[in-house]
Amino acid sequence: MGVNSRSADEFRRFAQIHWGDLARSAVLLSGNPSDVDDLIQETFERLWRSWDRIRPETALGYARTVMVNARNDQWRKAGRTPVPTDSVYLDVKTSSGDLTGQVDDRNEILQHLSMLSERERQVIVARYYWGLTNDEVAASLSLPAGTIKSTASRAVARLRKAHEGAGHG
């Protein structure tokens, strides 16, 4: 792991800039607050080990791919047992007003995401939270673009049905 001090400084800057977004992504991907810290730590550890080979312009995409792969590893080790979603790690970015509605909305979103399969959740997070195109999601998840499109379509339909079933129809 021959990372020089310049690279170490770049890594620290990257981590400071992107920690929050990657932490929120970890919440959305895992659906389990007890896995979030481990997922973030594993992501940054794997990223650090490869840091000297990563181009700065692709670092965030690489980190996202690493996070998805680390989450897949967690999921396999846990025996694929779904755990209810909680809102422990969600931060509310506002300084005034009643936040109850925002927290309720976020809890509902996390609850709906937790009912999706791992792949569906990964596709939804990558496509709609990260804002990646279908082709970028396909490359990130190492899946064909057609699989991404059909998975996204099914997942959105499931989310829409759950949302309507919760009385928001």
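Visitor: Is Phe11 buried or exposed?
Guide: In this predicted model, the relative accessible area of Phe11 is 12%. Buried means under 20%, and therefore Phe11 counts as buried.

Visitor: Which geometry, stacked or edge-to-face, describes the rings of Phe11 and Trp48?
Guide: The two ring centres of Phe11 and Trp48 lie 5.0 Å apart. Planes over 60 degrees apart count as edge-to-face. The planes of Phe11 and Trp48 stand at 65 degrees, so the pair is edge-to-face.

Visitor: How many residues apart along the chain are Phe11 and Trp48?
Guide: Phe11 belongs to helix α1, and Trp48 belongs to helix α2. The pair thus links distant parts of the chain, with a separation of 37 residues.

Visitor: What is the angle between the planes of Phe11 and Trp51?
Guide: Phe11 and Trp51 also form an aromatic pair, 5.1 Å centre to centre. The pair is edge-to-face, with an angle between the planes of 80 degrees.

Visitor: Where is Trp51, the partner of Phe11, located?
Guide: Trp51 is buried, at a relative accessible area of 8%. Phe11 lies in helix α1, 40 residues away along the chain, whereas Trp51 is in the loop between α2 and α3.

Visitor: Which element gives the most residues to the largest nonpolar core?
Guide: The largest nonpolar core has 38 residues, and Phe14, Phe44 and Trp51 are among those with the most contacts inside it. Elements giving two or more residues to this core include α1 (5–30), α2 (33–50) and α7 (145–168). With 9 residues, the element that gives the most is α1.

Visitor: Why do the buried residues of α6 line one face of the helix?
Guide: The buried residues of α6 are Val137, Ala138, Ser140 and Leu141. Seen down the axis of α6, these residues line one face because they fall within an arc of 165 degrees. On the other side of α6, the exposed residues are Asp135 and Ala139.

Visitor: Which backbone nitrogen lies 3.0 Å from a polar atom of the side chain of Glu120?
Guide: Glu120 is found in helix α5 and counts as buried at 8% relative accessibility. Beyond four places in sequence, Glu120 touches Thr151, Arg154, Ala155 and Arg158. The backbone nitrogen at 3.0 Å from a polar atom of the Glu120 side chain is that of Ser117.

Visitor: Over which residues does pLDDT stay under 50?
Guide: The chain averages a pLDDT of 81, and 77% of the residues score at least 70. One segment, for which the model has 29 contacts beyond four places in sequence, stays under 50: residues 82–100.

Technical notes
Residues are numbered from 1 along each chain as its sequence is written. Side-chain values use heavy atoms; hydrogens and water are left out. A nonpolar core is a set of buried Ala, Val, Leu, Ile, Met, Phe, Trp, Tyr and Cys residues joined through side-chain atoms within 4.5 Å. Buried means under 20% relative accessible area, exposed over 50%, partly exposed in between (1.4 Å probe, protein chains only). Helices (H or I, at least four residues) and strands (E, at least two) are DSSP runs, numbered from the N terminus. The arc is that of the directions from the helix axis to the C-beta atoms. Contact means heavy atoms within 4.5 Å. A polar contact is a pair of N or O atoms within 3.5 Å; within protein, one must be able to donate a hydrogen and the other to accept it, and residues adjacent in sequence count only if both atoms are side-chain atoms. pLDDT is the predictor's confidence in each residue, from 0 to 100. Rings of Phe, Tyr and Trp (its six-membered ring) pair if their centres lie within 6.5 Å; planes under 30 degrees apart count as stacked, over 60 as edge-to-face and the rest as tilted.
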